[in-house]
Amino acid sequence: MSLTHPQTVNGKVLWMDSGVSDLIHKLNYGDPVLGWEGDPALALFMDKDPVQGDRWVLVRLEDDGEYRDVCRSRPGLPLDERLLIRLMEHDSRRGFNAADVVEDAYDPF
């Protein structure tokens, strides 16, 4: 499956610079070395903010046709394969349970 993502989503600009093209390809089509299967519904955008600083934003085209933010960086955070590792660590299909994390964070004992 191949998707063509729009140039802008909610004021964010699609990031297609040559410096990130290899990572975008891995993001969409997988990285067998890391064990990431890929997801063509993911797209990488740049959110340019003159006050807070530029940050990259990973968004996903959901089944309802809406783009939703998956994660966003701190301003100036470099982008590399650690993003794929974090996606795998937080993948519910791999056993991650977000409710457990929330419960643990708010457990007073």
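**Figure 1. Val-57 sits buried in strand 4 of this predicted model.** Val-57 has a relative accessibility of 0%. The cut-off for buried is under 20%, so Val-57 counts as buried. Its contacts, leaving out residues up to four places away in sequence, are Lys-12, Ala-43, Leu-44, Phe-45, Asp-47, Asp-69, Cys-71 and Arg-72. Arg-68 is 11 residues from Val-57 in sequence. The C-alpha atoms of these two residues lie 10.0 Å apart.

**Figure 2. Phe-45 and Tyr-67 make an aromatic pair.** The count of aromatic pairs comes to 1. The geometry is edge-to-face, with 6.5 Å centre to centre and 75° between the planes. Phe-45 belongs to strand 3 and Tyr-67 to strand 5, so the pair ties together parts that are 22 residues apart in sequence. Phe-45 is buried, at a relative accessible area of 0%. Tyr-67 also counts as buried, at 17% relative accessibility. Phe-45 is also among the contacts of Val-57.

**Figure 3. Trp-15 is a buried loop residue.** The loop in question runs between strand 2 (12-14) and helix 1. The relative accessible area of Trp-15 is 15%. That is under the 20% cut-off, so Trp-15 counts as buried. Trp-15 touches Val-20, Ile-24, Leu-44, Phe-45, Met-46, Trp-56 and Leu-79, with residues up to four places away in sequence not counted. One of these contacts, Phe-45, is a member of the aromatic pair. Another, Ile-24, is a buried residue of helix 1. Asp-47 is 32 residues from Trp-15 along the chain. Their C-alpha atoms are separated by 9.4 Å.

**Figure 4. Ser-73 lies in the loop between strand 5 and helix 2.** Ser-73 is buried, with a relative accessible area of 3%. Not counting residues up to four places away in sequence, Ser-73 touches Arg-55 and Trp-56. Trp-56 is also touched by Trp-15.

**Figure 5. Helix 1 (21-29) has five buried residues to show: Leu-23, Ile-24, Lys-26, Leu-27 and Asn-28.** The cover over these residues includes strand 3, strand 4 and helix 2. Gly-30 follows helix 1. The phi of Gly-30 is positive, near 105°.

**Figure 6. Helix 2 (residues 82-89) buries Leu-83, Leu-84, Leu-87 and Met-88.** Seen down the helix axis, these buried residues fall within an arc of 135°, so they line one face of helix 2. They pack against helix 1 (21-29), strand 3 (42-47), strand 4 (55-61) and strand 5 (67-72).

**Figure 7. Glu-37 is an exposed residue in the loop between helix 1 and strand 3.** Its relative accessibility is 53%. The cut-off for exposed is over 50%, so Glu-37 counts as exposed. Met-88 is 51 residues from Glu-37 along the chain. The C-alpha atoms of the two are separated by 9.3 Å. Met-88 is one of the buried residues of helix 2.

**Figure 8. The largest pocket has a volume of about 630 Å³.** Its lining holds 25 residues. Val-70, Cys-71, Leu-83, Arg-86 and Leu-87 lie nearest the pocket centre. Strand 4, strand 5 and helix 2 each supply at least two lining residues. The largest share, 5 residues, comes from strand 5. By residue class, the lining divides into 10 nonpolar, 3 polar and 12 charged. Leu-83 and Leu-87 are also among the buried residues of helix 2. Cys-71 is also one of the contacts of Val-57.

**Figure 9. The whole chain gives the setting for the close-ups, with 3 helices and 5 strands.** From the N terminus on, the order of elements is β-β-α-β-β-β-α-α. The chain has 109 residues, and buried residues make up 34% of them. Among contacts with a separation of 6 or more, residues 24 or more positions apart account for 44%. The aromatic pair of Figure 2 joins strand 3 to strand 5. The buried residues of helix 2 pack against both of these strands.

Technical notes:
Residues are numbered from 1 along each chain as its sequence is written. This is a predicted model: local features need pLDDT of at least 70, side-chain atom pairs count only at pLDDT 80 or more; totals for chains, interfaces and linings use all residues. Side-chain values use heavy atoms; hydrogens and water are left out. Buried means under 20% relative accessible area, exposed over 50%, partly exposed in between (1.4 Å probe, protein chains only). Helices (H or I, at least four residues) and strands (E, at least two) are DSSP runs, numbered from the N terminus. The arc is that of the directions from the helix axis to the C-beta atoms. Contact means heavy atoms within 4.5 Å. Rings of Phe, Tyr and Trp (its six-membered ring) pair if their centres lie within 6.5 Å; planes under 30 degrees apart count as stacked, over 60 as edge-to-face and the rest as tilted. On a 1 Å grid over the protein atoms alone, a cavity is a set of points where a 1.4 Å probe fits but cannot get out, and a pocket is an open set with protein on both sides within 12 Å along at least five of seven lines; lining residues have an atom within 4 Å of a point. Grid points are joined across faces, edges and corners, and a volume is the space filled by probe spheres set on the points. Ala, Val, Leu, Ile, Met, Phe, Trp, Tyr, Cys and Pro count as nonpolar, Asp, Glu, Lys and Arg as charged, and the others, Gly among them, as polar.
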